Amino acid sequence: MNEPVFVPLTDRHDPGLPPEEAARAFHDVMRRRRTVREFSDRPVSRETIEWIVRTAGTAPSGANKQPWRFVCVQDPEVKRQVRLAAEEEERAFYAHRANEEWLEDLSPLGTDPDKGFLEVAPWLIVVFKLIREDDGRQVYYPTESVGLAAGMLLAAAHHAGLATLTHTPSPMAFLSKVLGRPDNERPFLLVPVGYPADDCRVPEAALSRKPLDEIMIVR
Ligand code: IYR
């Protein structure tokens, strides 16, 4: 057993505004985040991606195990392999894996098995969940932990003026193979990152957000 060591909490974030104003200003940034499927090939620097991944890595996690890994792909050949493998799964999804209700729910989004964005976006961040540490030790709440980190990844990209797509080709096992990841890492999310295309359009149906009184209950 390790004895806990405590240190004073000194490095605090001070928004310099009353909390109502700071929270409102952040909402004004975040409400403009949109999932996009039409990306520009405009480059994004590796440094930008590194800061975004560092931010994701600040997420809380079970017993601070940080059970995540972010494989950042910019090599066109690797992106191509990801696209080809993803499209194979997606063709099966749209042809027979998805049931009628699922296809009906997706119809307003206009999605299809063509995943050209996987080659156009300058970066693909493939988020992996660790189901064990590299040395075989346990991790705790890995799904919750990596979900929190992924949310922070999206927020960090948005804050940097970049668009993302949370893409979950199903099943995702091909990502472990294409990217040569070990068995203790499981693909969790595939996130293309880049600028939206100049003529980018987004589905109208996806613009709506539930009103506060539908998502918040105060007791
Ligand atoms: N993975 C498929 C289908 C899809 C599923 C959901 I749930 C979405 O929110 C969007 C798409 C695809 O990417 O086309």
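This briefing covers the overall build, surface patches and local backbone features of one protein chain. The model is predicted. The chain has 219 residues, and 36% of them are buried. Its secondary structure comes to 8 helices and 4 strands.

**Overall build**

- In sequence order, the helices and strands of the chain follow the pattern α-α-β-α-α-α-β-α-β-α-β-α.
- Taken along the principal axes, the box filled by the C-alpha atoms is roughly 55 × 45 × 40 Å.
- Of the contacts between residues at least 6 apart in sequence, 82% join residues at least 24 apart.
- One pair distant in sequence is G161 and R33: 128 residues separate them along the chain, while their C-alpha atoms are 9.4 Å apart in space.
- G161 sits in the loop between α6 (residues 142-159) and β3 (residues 163-164).
- G161 counts as partly exposed because its relative accessibility is 44%, which falls between the 20% limit for buried and the 50% limit for exposed.

**Surface and charge**

- The accessible surface of the chain is about 14400 Å², and carbon and sulfur atoms account for 52% of it.
- There are 28 positive and 34 negative side chains in the chain. The centres of these two sets lie 2 Å apart.
- A patch of negative charge on the surface is formed by E100, E101, E104 and D105.
- D105, one of the residues in that negative patch, belongs to helix α4, which spans residues 100-106.
- The relative accessibility of D105 is 53%, so D105 counts as exposed; the cut-off for exposed is over 50%.
- L212, I215, M216 and V218 make a nonpolar surface patch of about 430 Å².
- V218, one of the residues in the nonpolar patch, lies in the segment after α8 (residues 212-215).
- V218 is classed as exposed because its relative accessibility is 64%.

**Loop between α2 and β1**

- N64 lies in the loop between α2 (residues 46-56) and β1 (residues 68-73).
- Although N64 is not a glycine, its phi is positive, at about 50°.
- With a relative accessible area of 52%, N64 is exposed.
- Q66 is also found in the loop between α2 and β1.
- Q66 likewise has a positive phi of about 50° without being a glycine.
- The relative accessible area of Q66 is 34%, so Q66 is partly exposed.

**Cis peptide bond**

- The peptide bond running from S170 to P171 is cis, and its omega is near -5°.
- P171 is placed in the loop between β3 and α7, where α7 covers residues 173-178.

**Points to locate in the structure**

- For the negative patch, look for E100, E101, E104 and D105 on the surface.
- For the nonpolar patch, look for L212, I215, M216 and V218.
- For positive phi values outside glycine, look at N64 and at Q66.
- For the cis bond, look at the step from S170 to P171.

Notes: Residues numbered from 1 in each chain as written. Predicted model: local features only at pLDDT ≥ 70, side-chain atom pairs only at ≥ 80, totals over all residues. Heavy atoms only, no water. Patch = residues over 30% accessible without salt bridge, like charges linked within 9 Å, V, L, I, M, F, W, Y side chains within 5 Å. Areas by Shrake-Rupley, 256 points an atom, 1.4 Å probe, with all protein chains shown as cover. Salt bridge = Lys/Arg side-chain N within 4 Å of Asp/Glu carboxyl O. Lys, Arg positive; Asp, Glu negative; His and termini not counted. Charge placed at Lys NZ, Arg CZ, Asp CG, Glu CD. Helix = DSSP H or I, 4+ residues; strand = E, 2+ residues; numbered from the N terminus. Buried < 20%, exposed > 50% of the residue type's maximum accessible area, 1.4 Å probe, protein only. Contact = heavy atoms within 4.5 Å.
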